[in-house]
Amino acid sequence: MPAAFQGNAPAVDFVEKDDAYELTAELPGIDPKELDVTLSNGILTLKGEKSEREERKDGDYYLSERRYGSFQRDIQLPEAVNPDKIDASFTNGLLKVTLPKKPNAQKNNRKIAIKAA
(Lines give C-alpha, C1' and ligand atoms only; values in the text may rest on other atoms or scores of the structure.)
Protein backbone atom coordinates (compact mmCIF):
# COMPACT_ATOMS: atom_id res chain seq x y z
CA MET A 1 0.00 0.00 0.00
CA PRO A 2 1.15 3.60 -0.57
CA ALA A 3 2.77 5.57 2.23
CA ALA A 4 -0.48 7.57 2.60
CA PHE A 5 -2.03 4.41 4.10
CA GLN A 6 -0.78 3.88 7.62
CA GLY A 7 -1.84 0.40 8.63
CA ASN A 8 -5.06 -0.02 6.72
CA ALA A 9 -6.30 3.55 7.17
CA PRO A 10 -5.53 6.55 4.96
CA ALA A 11 -3.94 9.63 6.48
CA VAL A 12 -6.34 12.58 6.67
CA ASP A 13 -6.16 16.32 7.29
CA PHE A 14 -9.04 17.87 9.24
CA VAL A 15 -9.21 21.68 9.22
CA GLU A 16 -11.72 24.00 10.88
CA LYS A 17 -12.81 27.12 9.01
CA ASP A 18 -15.33 29.81 10.01
CA ASP A 19 -18.36 28.17 8.41
CA ALA A 20 -17.23 24.56 7.83
CA TYR A 21 -14.74 21.82 8.49
CA GLU A 22 -12.71 20.37 5.61
CA LEU A 23 -11.39 16.84 5.53
CA THR A 24 -8.91 15.73 2.88
CA ALA A 25 -7.51 12.25 2.36
CA GLU A 26 -4.85 11.17 -0.12
CA LEU A 27 -5.97 7.96 -1.81
CA PRO A 28 -3.53 7.35 -4.67
CA GLY A 29 -4.43 4.55 -7.04
CA ILE A 30 -8.00 4.27 -5.76
CA ASP A 31 -10.78 4.15 -8.32
CA PRO A 32 -13.65 6.44 -7.24
CA LYS A 33 -16.06 3.55 -7.90
CA GLU A 34 -14.28 1.58 -5.17
CA LEU A 35 -14.66 4.36 -2.57
CA ASP A 36 -17.53 4.78 -0.08
CA VAL A 37 -18.12 7.74 2.21
CA THR A 38 -20.91 7.23 4.75
CA LEU A 39 -22.27 9.00 7.82
CA SER A 40 -23.87 7.13 10.71
CA ASN A 41 -24.51 8.43 14.24
CA GLY A 42 -22.01 11.27 13.86
CA ILE A 43 -19.25 9.03 12.51
CA LEU A 44 -17.92 9.63 9.01
CA THR A 45 -16.54 6.45 7.45
CA LEU A 46 -14.11 6.35 4.53
CA LYS A 47 -13.95 2.88 3.05
CA GLY A 48 -12.37 1.58 -0.12
CA GLU A 49 -10.43 -1.04 -1.93
CA LYS A 50 -7.41 -0.86 -4.17
CA SER A 51 -6.73 -3.38 -6.86
CA GLU A 52 -3.89 -2.78 -9.27
CA ARG A 53 -2.18 -5.05 -11.74
CA GLU A 54 0.83 -4.33 -13.90
CA GLU A 55 2.29 -6.53 -16.60
CA ARG A 56 5.30 -5.80 -18.79
CA LYS A 57 6.86 -7.89 -21.50
CA ASP A 58 10.17 -6.98 -23.07
CA GLY A 59 11.86 -9.72 -25.08
CA ASP A 60 12.81 -12.46 -22.62
CA TYR A 61 11.75 -10.27 -19.69
CA TYR A 62 8.28 -10.62 -18.14
CA LEU A 63 7.05 -8.73 -15.05
CA SER A 64 3.72 -9.24 -13.35
CA GLU A 65 2.88 -7.31 -10.16
CA ARG A 66 -0.34 -7.11 -8.20
CA ARG A 67 -1.19 -4.72 -5.39
CA TYR A 68 -4.47 -4.93 -3.55
CA GLY A 69 -6.02 -4.27 -0.20
CA SER A 70 -8.86 -2.55 1.55
CA PHE A 71 -9.01 0.23 4.11
CA GLN A 72 -11.47 1.87 6.45
CA ARG A 73 -11.17 5.04 8.51
CA ASP A 74 -13.84 6.16 11.01
CA ILE A 75 -13.86 9.79 12.10
CA GLN A 76 -16.03 11.14 14.93
CA LEU A 77 -17.45 14.46 13.72
CA PRO A 78 -17.99 17.53 15.92
CA GLU A 79 -21.61 18.15 16.95
CA ALA A 80 -21.54 21.45 15.06
CA VAL A 81 -21.57 19.66 11.65
CA ASN A 82 -24.77 19.96 9.61
CA PRO A 83 -25.19 16.37 8.34
CA ASP A 84 -27.64 17.38 5.59
CA LYS A 85 -25.13 19.66 3.86
CA ILE A 86 -22.04 17.42 3.67
CA ASP A 87 -20.41 17.36 0.23
CA ALA A 88 -17.60 15.19 -1.14
CA SER A 89 -15.45 15.30 -4.29
CA PHE A 90 -12.64 13.10 -5.58
CA THR A 91 -10.01 14.33 -8.04
CA ASN A 92 -6.59 12.87 -8.91
CA GLY A 93 -6.44 10.64 -5.84
CA LEU A 94 -7.50 13.37 -3.41
CA LEU A 95 -10.80 13.05 -1.52
CA LYS A 96 -12.17 16.33 -0.18
CA VAL A 97 -15.17 16.31 2.18
CA THR A 98 -16.73 19.65 3.12
CA LEU A 99 -18.64 19.54 6.41
CA PRO A 100 -20.64 22.78 6.84
CA LYS A 101 -21.39 23.93 10.37
CA LYS A 102 -24.93 24.38 11.66
CA PRO A 103 -25.94 28.08 11.58
CA ASN A 104 -26.14 28.39 15.38
CA ALA A 105 -22.69 26.78 15.78
CA GLN A 106 -21.09 29.61 13.81
CA LYS A 107 -22.63 32.29 16.05
CA ASN A 108 -21.87 30.60 19.38
CA ASN A 109 -18.17 31.45 19.31
CA ARG A 110 -17.08 34.44 21.35
CA LYS A 111 -13.87 35.73 22.82
CA ILE A 112 -13.64 35.67 26.60
CA ALA A 113 -11.87 38.58 28.25
CA ILE A 114 -9.08 37.76 30.68
CA LYS A 115 -8.94 39.92 33.78
CA ALA A 116 -5.55 40.81 35.21
CA ALA A 117 -5.12 40.07 38.93
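Tutor: Before we look at any loop, take strands as DSSP runs of E with at least two residues, and helices as runs of H or I with at least four, both numbered from the N terminus. The model in front of you is predicted, and what follows should be read with that in mind.

Student: How many helices and strands are there in the protein, and in what order do the elements run from the N terminus?

Tutor: The protein has one helix and nine strands, and the order from the N terminus is β-β-β-β-β-β-β-β-β-α, with the helix at the end of the series.

Student: How should I read a hairpin, and how many residues join S3 to S4?

Tutor: Look at the connection and then at the bridges: three residues make the hairpin link from S3 to S4, and the two strands, S3 covering residues 12–16, run antiparallel with five bridges between them. As one example of such a partnership, Val15 is bridged to Glu22 in S4.

Student: Where does Asn92 lie, and what is its phi?

Tutor: Most residues other than glycine have a negative phi. Asn92, however, has a positive phi near 50° without being a glycine, and its place is the loop between strand S8 (87–91) and strand S9 (94–100). Asn92 is exposed, at a relative accessible area of 80%. Asn41 likewise is a non-glycine residue with a positive phi, about 55°, in the loop between strand S5 (35–40) and strand S6 (43–58), and Asn41 is exposed as well, with a relative accessible area of 77%.

Student: Which residues of the largest nonpolar core touch the most other members?

Tutor: In soluble globular proteins, nonpolar side chains tend to be buried together. Here the largest nonpolar core holds 17 residues, of which Leu23, Leu27, Leu46, Leu95 and Leu99 touch the most other members. At least two residues of this core come from each of strand S4 (20–26), S6, strand S7 (61–76) and S9.

Student: What share of the 117 residues is buried, and what supplies the area that the protein exposes?

Tutor: Buried residues make up 27% of the 117, while the protein exposes about 8,700 Å², 44% of which is supplied by carbon and sulfur atoms. On the side of contacts, among those with a separation of 6 or more, 50% are between residues 24 or more positions apart.

Student: Which residue lies over the face of Tyr21?

Tutor: Lys101 lies there, at 5.1 Å from the ring centre of Tyr21. Where rings meet rings, the count comes to one aromatic pair.

Definitions and conventions: Residues numbered from 1 in each chain as written. Predicted model: local features only at pLDDT ≥ 70, side-chain atom pairs only at ≥ 80, totals over all residues. Heavy atoms only, no water. Buried < 20%, exposed > 50% of the residue type's maximum accessible area, 1.4 Å probe, protein only. Core = buried A, V, L, I, M, F, W, Y, C linked by side-chain atoms within 4.5 Å. Contact = heavy atoms within 4.5 Å. Areas by Shrake-Rupley, 256 points an atom, 1.4 Å probe, with all protein chains shown as cover. Phe/Tyr/Trp six-rings, centres within 6.5 Å; stacked < 30°, edge-to-face > 60°. Lys NZ or Arg CZ within 6 Å of the ring centre and 35° of its normal. Pairing = 2+ DSSP bridges.
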